[in-house]
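Thanks for coming. I will take a few minutes to walk through one structure, and then we can discuss.

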Amino acid sequence: MRIYYKKSGTDNDLPDNSLKVKRLDECRKVREVASQSCLHTLKEIINSKKKISEVQFRNKWVKEIYKSHKVIGDGWYNPPPSGVGVLFASEESSDRVNYRTLRDKNYWPKTNINLGKNGLGYLFASPFTVIDKIPIIGDFGLSFYLGKSQKIRDYFKKCYSVLQKLIDSISLGQIYSELYQETIKIIELNKLTNYAFSTSDSQQTNIGHCIPFINRNPYENELDALSNGINAELNQTISNARKFINNKEKIVISENTAFTFEPRFISVMDNTLPMC
């Protein structure tokens, strides 16, 4: 998963443009907490001789995330529990990382699924911070492979190369639906498909979503839900405030904004390869 940021000092969508810049910076910092804590946890388990389950990895990662004063409570994308997804698979069978949605209980972290020496996996966290009673999310996702299969390594390299090309093609003035259509076209040209399913998006599939409350303030009813101390309502308000990069959305990519960019690649030529 990538988050695309664009900052400028000229946009006037908010009464005080410095708020947008501040929120963008906080988004970046929270996401850095998620990524660096993930790296620390991954290094620790790779160097350990002990078996570690999905649940154990999640618990270690969450503990690392909580060390930062930036993060407030569990992740907003809940379920899965704690707003964290951890999926482990093997070279021989990658089905577990080919998930439809992390909301599905079958894809919540398990105590009986361990990371093998040559294993692979998918990791996701959804921490957030609060600025002036407004939540700013910093989602982070990572696919990884620890083995030596040249076929899988080459596939991961290909997916990374395609992702970089897609990111380089993003520009100011693009409409979300146009970005979606152009992205899908490039994905298909590379013999891949976008294996993304959403229970929140009316179109049921997308390649990402805006980071809520970067370039607009919460509405009055949203502020009430965000400030009443009920976690479920806060999480749902964040979720509902997202605008998805799908085939229909007409939002224009402007300065002082941020959105996730998270196509999920599946090979159309070899169904033994994992989602990446």
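**Strands, rings and cysteines**

Let me begin at a single position: Phe88 has Gly121 as its bridge partner in β3. Before I go further, please keep in mind that this is a predicted model. One place along, Ala89 stands opposite Leu120, again in β3. These two positions belong to a longer pairing, in which β2 and strand β3, residues 120–125, run antiparallel over six bridges.

Now the sheet as a whole. Three strands make it up, in the order β2-β3-β6, with antiparallel pairing, and the sheet is open. Its edge strands are β2, residues 84–89, and β6, residues 140–145, each of which pairs on one side only. On average, neighbouring strands here are turned by 5° against each other, ignoring direction.

Is β2, as an edge strand, enclosed or open to the outside? Six of its six residues are buried, so β2 is largely enclosed by the rest of the structure. Val84, Val86 and Phe88 point one way from the strand, while Gly85, Leu87 and Ala89 point the other way, and all are buried.

Two helices lie across this sheet. Helix α1, residues 17–47, lies across β3 and β6, and runs at about 25° to β6. Helix α2, residues 54–66, lies across β2, β3 and β6, and its angle to β2 is about 140°.

Next, a residue in the middle strand of that order. Tyr122 lies in strand β3. Its relative accessibility is 11%, so Tyr122 counts as buried. What does Tyr122 contact, leaving aside neighbours within four places in sequence? Among its contacts are Gly85, Val86 and Leu87, and also Gly141, Leu142, Ser143 and Phe144. Val97, Tyr99 and Leu102 are contacts of Tyr122 as well. By C-alpha atoms, Tyr122 is separated by 20 Å from Val268, which is 146 residues away along the chain.

Then the loop between β2 and β3, where Arg96 has its place. You might expect an arginine in a loop to be out in solvent, so here is the number: the relative accessible area of Arg96 is 15%, and Arg96 is therefore buried. Not counting residues up to four places away in sequence, Arg96 touches several residues, including Leu87, Phe88 and Ala89. Others that Arg96 touches include Glu54, Tyr107 and Trp108. Arg96 and Pro274 are 178 residues apart in sequence, but C-alpha to C-alpha they are 8.7 Å apart in space.

On to the aromatics. A pair of rings is described by the distance of the centres and the angle of the planes. There are 11 aromatic pairs in the structure. One of them is Phe88 with Phe144: the ring centres are 6.5 Å apart and the planes are at 80°, so this pair is edge-to-face. Phe88 lies in strand β2 and Phe144 in strand β6, so the pair ties together parts that are 56 residues apart in sequence. Both Phe88 and Phe144 are buried.

A second edge-to-face pair is Tyr195 with Phe197, at 5.0 Å centre to centre and 85° between the planes. Here the burial is another matter: Tyr195 is partly exposed, with a relative accessible area of 25%, and Phe197 is partly exposed too, at 28%.

Back to Phe88 and Phe144: together with Phe57 and Trp61 they form one aromatic cluster. There are also arginines placed over rings. Arg103 lies over the face of Tyr77, at 3.8 Å from the ring centre, and Arg216 lies over the face of Tyr219, at 4.1 Å.

Last, the cysteines. How many disulfides does the structure hold? The count is zero. Cys27 is in no disulfide, and the nearest cysteine sulfur, in Cys210, is 11 Å away. Cys27 is also buried, with a relative accessible area of 0%. Why is there no bond at Cys276? Its sulfur is 3.9 Å from the closest cysteine sulfur, that of Cys159, which is too far for a bond. The cut-off used for a disulfide is 2.5 Å between the sulfur atoms.

That is what I have. I am happy to take questions.

Conventions
Residues are numbered from 1 along each chain as its sequence is written. This is a predicted model: local features need pLDDT of at least 70, side-chain atom pairs count only at pLDDT 80 or more; totals for chains, interfaces and linings use all residues. Side-chain values use heavy atoms; hydrogens and water are left out. Two strands pair if DSSP finds at least two bridges between them. Helices (H or I, at least four residues) and strands (E, at least two) are DSSP runs, numbered from the N terminus. Axes are lines fitted to C-alpha atoms, for helices over the stretch in contact, and angles run from 0 to 180 degrees between N-to-C directions. Contact means heavy atoms within 4.5 Å. Buried means under 20% relative accessible area, exposed over 50%, partly exposed in between (1.4 Å probe, protein chains only). Rings of Phe, Tyr and Trp (its six-membered ring) pair if their centres lie within 6.5 Å; planes under 30 degrees apart count as stacked, over 60 as edge-to-face and the rest as tilted. A charge sits over a ring if NZ of Lys or CZ of Arg is within 6 Å of the ring centre and within 35 degrees of the ring normal.
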